[in-house]
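Trainee: I am new to this one and would like to learn how its descriptions are reached. Could we look at it together?

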Amino acid sequence: MMTGSASGNPDVAGGPARHIPVLVRPVVEHLGVRAGGIYIDGTFGAGGYARAILAAADCKVLALDRDQSAVAQSAGLVEESGGRLTVAESRFSALDEAAASFGIAGADGVVLDLGVSSMQLDSQDRGFSFRLDGPLDMRMETGGPSAADVVAAASERTLADIIFLLGEERHSRAVARAIVKARTTTPIRTTRALADIVGRVVHGRPGDIHPATRTFQALRLFVNDELGELQAGLSAAERVLKPGGRLVVVSFHSLEDRIVKTFLTERGRRSAGSRHLPEVEAPPPSFRILTGRPLTADEAEIAANPRARSAKLRAAERTEAPASGASTDDLLPRLPALADAVSGRRR
């Protein structure tokens, strides 16, 4: 079990959070937070969900974040929690291993809030947003290749595939061609430089999203392997949840939501088998789906927090069945590894 007393004040989390968590009430409701429970917040960020979970019942929370700055800024909430909150630096793809390292054999709930946090978007030197000119970085961690490295070295075909598959950008080939042409004369090192290049080949109409939005999304997802993390994180949650434990995932674009929906659908149904093959006993479902359709924010929440507009919440409850060993590789788009892309290897 996690260290620290469970007798802390459950109202410690009632104070204002610096950033507004999306769909926080339905997240807590679908987690079924109860006294004595242990919950894992795999994407701590500014602590919005962890704070709300702690406020809902006299429970404990293990919060994880791959971003060192988020972990460093958690000290105040950890202190206020009276021993009920532990925050650790970890990718949520390894949340079951992180839980085991703190003596947690099984969790009563896991919540994942996908994508980039407001803190990251608002930090000029992190390079996640073209609204603020800064270094073209986009890394959630301090190590590894940056977005600038990908833009500088990836082949035109690889860039086009990344931008099309992860950004769903119809003009991906034109964007990739423009990037390769521009980098032959001047290195593309800033967010503004990249946004300007994309803006010259992608022309939006008034009221549309910024022309560079999809390209920036694609590079961020690729640099941080966010879809691979999600795939692995869902399986890790399946392994760590107790029977009756809840999984709640909040996603912000169709690629993420599609992976969550497919994973839960596959884990939530019995295989029908094939009439052309010998009959075998199908494995029982490891999840019971709680949300037939994804939950979305109402107009009041969207007005207060525009980021909630694209949020979708899906939830499921762990059954008594053992975790499935079935591969989930088919959930991911086929792209080269980050190391191969920055080496300039062609696909």
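Mentor: Happily! Let's start at the beginning of the chain: over residues 1-18 pLDDT stays under 50, and the model has 49 contacts beyond four places in sequence for that stretch. Keep in mind that this is a predicted model.

Trainee: What is the average pLDDT of the protein chain?

Mentor: The average is 88, and 86% of the residues score at least 70.

Trainee: Let's turn to helix pairs. Why are α1 and α2 called oblique to each other?

Mentor: Helix α1 (residues 24-31) and helix α2 (residues 48-56) pack at about 55°, with 10 Å between their axes. Roughly parallel needs an angle under 35 degrees, and roughly perpendicular runs from 65 to 115. An angle of about 55° fits neither range, so the pair is oblique. The crossing of α1 and α2 is right-handed.

Trainee: Which residues meet there?

Mentor: From α1 come V24, V27, V28 and L31, and from α2 come G48, Y49, A52, I53 and A56. By class, this contact has 8 nonpolar residues, 1 polar and no charged.

Trainee: What makes one residue of that contact polar?

Mentor: Gly counts as polar under the classes used here, so G48 is the polar one.

Trainee: And why is α9 called oblique to α10?

Mentor: The axes of helix α9 (residues 172-183) and α10 cross at roughly 125° and come within 9 Å. Perpendicular stops at 115 and antiparallel begins over 145, so roughly 125° makes α9 oblique to α10. The crossing is right-handed. V175, A178, I179 and A182 of α9 meet L194, I197 and V198 of α10, and by class these are 7 nonpolar, no polar and no charged residues.

Trainee: How do you know that α10 and α11 are oblique to each other?

Mentor: By the same kind of reasoning. Helix α10 (residues 191-199) and helix α11 (residues 213-223) have axes that cross at roughly 130° and come within 9 Å. That angle is also between the limits of 115 and 145, and α10 and α11 are therefore oblique. Their crossing is right-handed. T191, L194, A195 and V198 of α10 make the contact with T215, F216 and L219 of α11. Those residues divide into 5 nonpolar, 2 polar and no charged.

Trainee: How many aromatic pairs does a search of the whole structure find?

Mentor: The search finds 1 aromatic pair. The ring centres of F263 and F287 are 6.2 Å apart, and a pair needs centres within 6.5 Å.

Trainee: What makes the pair of F263 and F287 edge-to-face?

Mentor: Their planes stand at 65°, and over 60 counts as edge-to-face, so the name applies. F263 lies in helix α13 (residues 254-267) and F287 in strand β6 (residues 287-289), so the pair ties together parts 24 residues apart in sequence.

Notes: Residues numbered from 1 in each chain as written. Predicted model: local features only at pLDDT ≥ 70, side-chain atom pairs only at ≥ 80, totals over all residues. Heavy atoms only, no water. Axes fitted to C-alpha atoms, helices over the stretch in contact; angles between N-to-C directions. Helix = DSSP H or I, 4+ residues; strand = E, 2+ residues; numbered from the N terminus. Left-handed = near helix turned anticlockwise from the far one by under 90°. Contact = heavy atoms within 4.5 Å. pLDDT = per-residue confidence, 0-100. Phe/Tyr/Trp six-rings, centres within 6.5 Å; stacked < 30°, edge-to-face > 60°.
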